[in-house]
Amino acid sequence: MSVIPLGDRDVAPLAPRCWRFWTLDDDQTMTADTADQRPPVQTVRKPFFRKRSAIPGFGLTMGVTLTILSLLVLIPLSAVVLKAAQQSPAEFWAVATSERAMAAYRLSFGAAFVAAAINGVFGVLTAWVLVRYEFPLKTLVNALVDLPFALPTAVAGIALATLYAPTGWVGQFLTPLGIKAAYNPVGVVIALIFIGLPFVVRTVEPVLRDAAADVEEAAASLGASRIQTIARIILPALGPAWLTGFAMAFARGVGEYGSVIFIAGNMPYRSEIAPLLIIIQLEQFEYTRAATIAVVMLAVSFLMLLIINAIQAWARRFD
Amino acid sequence: MTIAIRSVEKQFGRYPALNKVDLEIADGELLALLGPSGSGKTTLLRTIAGLEFPDAGQVLFDGQDVTYASAAARRVGFVFQQYALFKHMTVAKNIAFGLDVRKGKDKPSKAEIARRVEELLKLVELEGLGGRYPSQLSGGQRQRVALSRALAVQPSVLLLDEPFGALDATVRKSLRRELRRVHDATGVTTIFVTHDQEEALELADRVAILNNGRIEQIGTPDQVHDAPETAFVCGFVGEANRFDGQVSGGRFNAGALTVPASALKDGAATAYVRPHDFALDEAGFEVLIERAQVQGALTAVTALTSDGRRLEISASRADADRFTGAVKIVARKAHVYAA
């Protein structure tokens, strides 16, 4: 076998392996001539940035996504951070941790958490009823669940305040029991429950619907009671979806403004939510202070959603 | 555990799923319920399990009436078609579930449960996979987990719904042997549902063939294959060439084919001839060979009769060369049923 000159193309390192394969055939001795007759193939570089996908349209969809996210989320939020950065760190810290602000954070995050937790229980129950049973006016109930999505939040706030005020339809029965349900933190929680309910129902419902009946039969045939089947088979399987619903209800509750201000009473240090505090600062032309509180809320919310995502990833470990 | 089904009836809406079904299953037996889809075989299995309750009739376990007892009270081990594994639990937790949900003094200790799980994993050859989740297993492995989960509660009877339906052919074959081995090792009375006659005939001690909510025949694999009692069984179990013709004077005639049918009265009848029951014979009728293909040890032959019927013939591989052009064949054996 003669020595074959290597070309200066990218293909060269690949070529010798092919020749060795060819020369297995003893009758045909490979010569430089025959080898050169094979057209040289240019190697294609592996895509550098994105993984090759069979689904077209990555460039267009990713471009639009990034543009919208930048224009509507990233740039406005950066502006808030930049505004807050116009003061010294000491000033920032003083405003961010002022007693009134701390009380407002506690109320906003605390009430949102409690409301999301309550929704977590009743939302699952509502989803269960909607999926598992047939009853008259089911479509109506189904539509009612979505109403908090569509109703102007101020309308909800005014209606709830009227109902739960000490003289209201519901409030008049609570007052003798010593329960004050409006114009205090309890009112805030009530408003946030109203706002957050559909999130849990609508995320849990499809998972519950898809849960195969044979899994429940399997549990029953293995001797599990109904309670054991629900507690150990059905609810754990709902876990990841439930956490998503909880996180959405919580996030919505933290940011909620319109419905809360009508029922909260808005007393500083007691029933004043953080979004309202921001508005109050704005009305007093204290833009930097407003931005400072906004930045704190932004950071805490982001952190909590990250943590919930991490828990969710853990809860999905079996998928 | 002996099981007796006594004139069980079940309707879904206006559609009868089980129609006066009677069935006796001996202790330690491996029985197949074989039938086409919609024949009621799964409904019968679920009725035995206590997952479905009959409209009329009785289900007896060891002579005790359990017709309306729950699945748990009957202590059945049920393997579902899609396995129904608890996907949020590890394999070990899945297998332990039946023991873990017991209460009070019935509940084995943790160490006892762990020991039992190990034992079962070993039985189905899944040692070391106890910590995996079902999503991390292959179809065949999931099937084994479902089997050992059902066996963990030491069931009085093991029931399997289309146990190998969702698996590919090779895994299916090896799991078939596996089930036979597990059955022989545990001695538990076992009933499985299948639409695959090959599976039923290879695996079961006895086969019950269902059609339209009735049991057409119960017998050993040889009995149902070689002595089918009804036309349906003959057509469903094993391959058969069907001839519609007439019986007159104790002989069945359909075109060129003539076979004895002494037990039947004159009139319309149907005959079935298995592909391997045809043989080359100068005294027979003439057919034209369309195609002769060697398949392993056999030759699969397609032939046309003079009146245009297409026949499937199975011959030995050595005879492949003799099936060319026009040849004469006879039916050595035929199953004839009055139409």
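Which residues of strand S18 (residues 326-331) of chain B form the covered face, and which form the uncovered one? The legends below take up this strand and several other views of the predicted model.

In this predicted model, local features need pLDDT of at least 70 and side-chain atom pairs count only at pLDDT 80 or more, whereas totals for chains, interfaces and linings use all residues. Residues are numbered from 1 along each chain as its sequence is written, chains are lettered from A and ligands numbered from 1 in the order in which they are written, and side-chain values use heavy atoms, with hydrogens and water left out.

**View 1. The two faces of strand S18 in chain B.** The covered face of S18(B) consists of B:Val327, B:Ile329 and B:Ala331, while B:Ala326, B:Lys328 and B:Val330 make up the uncovered one. In a regular strand the side chains alternate between the two faces of the sheet. Strands, like helices, are DSSP runs numbered from the N terminus (E, at least two residues, for strands; H or I, at least four residues, for helices). Strand S15 (residues 278-295) of chain B runs antiparallel to S18(B) and is joined to it by 7 bridges, with B:Phe285 standing opposite B:Ile329.

**View 2. The open sheet S17-S16-S15-S18 of chain B.** This open sheet has 4 strands with antiparallel pairing, where two strands are said to pair if DSSP finds at least two bridges between them. Its edge strands are strand S17 (310-316) and S18 of chain B, each of which pairs on one side only. Neighbouring strands of the sheet are turned by 55° against each other on average, direction ignored, the axes being lines fitted to C-alpha atoms, for helices over the stretch in contact, and angles running from 0 to 180 degrees between N-to-C directions. Strand S16 (residues 298-305) of chain B is joined to S17(B) by 7 bridges in an antiparallel arrangement, and B:Thr299 has B:Ala315 in S17(B) as its bridge partner.

**View 3. The hairpin of strands S12 and S13 in chain B.** Strand S12 (residues 251-254) and S13(B) run antiparallel and are joined by 4 bridges, and B:Ala254 is the bridge partner of B:Leu257. The hairpin has 2 residues between the strands, and B:Gly255 takes a positive phi near 60° there. Along strand S13 (residues 257-260), B:Leu257 and B:Val259 point to one face and are buried, while B:Thr258 and B:Pro260 point to the other and are not; buried means under 20% relative accessible area, exposed over 50%, and partly exposed in between (1.4 Å probe, protein chains only).

**View 4. The surroundings of B:His335 in strand S19 of chain B.** B:His335 lies in strand S19 (residues 335-338) and counts as buried because its relative accessibility is 11%. Leaving aside residues up to four places away in sequence, B:His335 touches B:Asp226, B:Pro228, B:Cys234, B:Thr270, B:Ala271 and B:Tyr272, where contact means heavy atoms within 4.5 Å.

**View 5. Helix H10 of chain A and what covers it.** In helix H10 (residues 213-221) of chain A, the residues A:Asp214, A:Val215, A:Glu216, A:Ala218, A:Ala219 and A:Ser221 are buried. The cover of these buried residues includes helix H5 (99-132) and helix H11 (226-255) of chain A, together with helix H2 (71-74), strand S6 (76-79), helix H3 (91-100) and helix H5 (139-152) of chain B. Just after H10(A), A:Gly223 takes a positive phi of about 100°.

**View 6. A:Tyr257 in the loop between H11 and H12 of chain A.** A:Tyr257 is found between H11 and helix H12 (260-264) and is partly exposed, with a relative accessible area of 28%. Not counting residues up to four places away in sequence, A:Tyr257 touches A:Ile273, A:Pro275, A:Leu276 and A:Ile279. From A:Tyr257 to A:Arg317 there are 60 residues in sequence and 36 Å in space, C-alpha to C-alpha.

**View 7. The two chains as a setting for the close-ups.** Chain A comes to 14 helices and 0 strands, and 34% of its 319 residues count as buried. Chain B comes to 9 helices and 19 strands, and buried residues make up 49% of its 339 residues. The C-alpha atoms of chain B fill a box of roughly 75 × 45 × 30 Å, taken along the principal axes.
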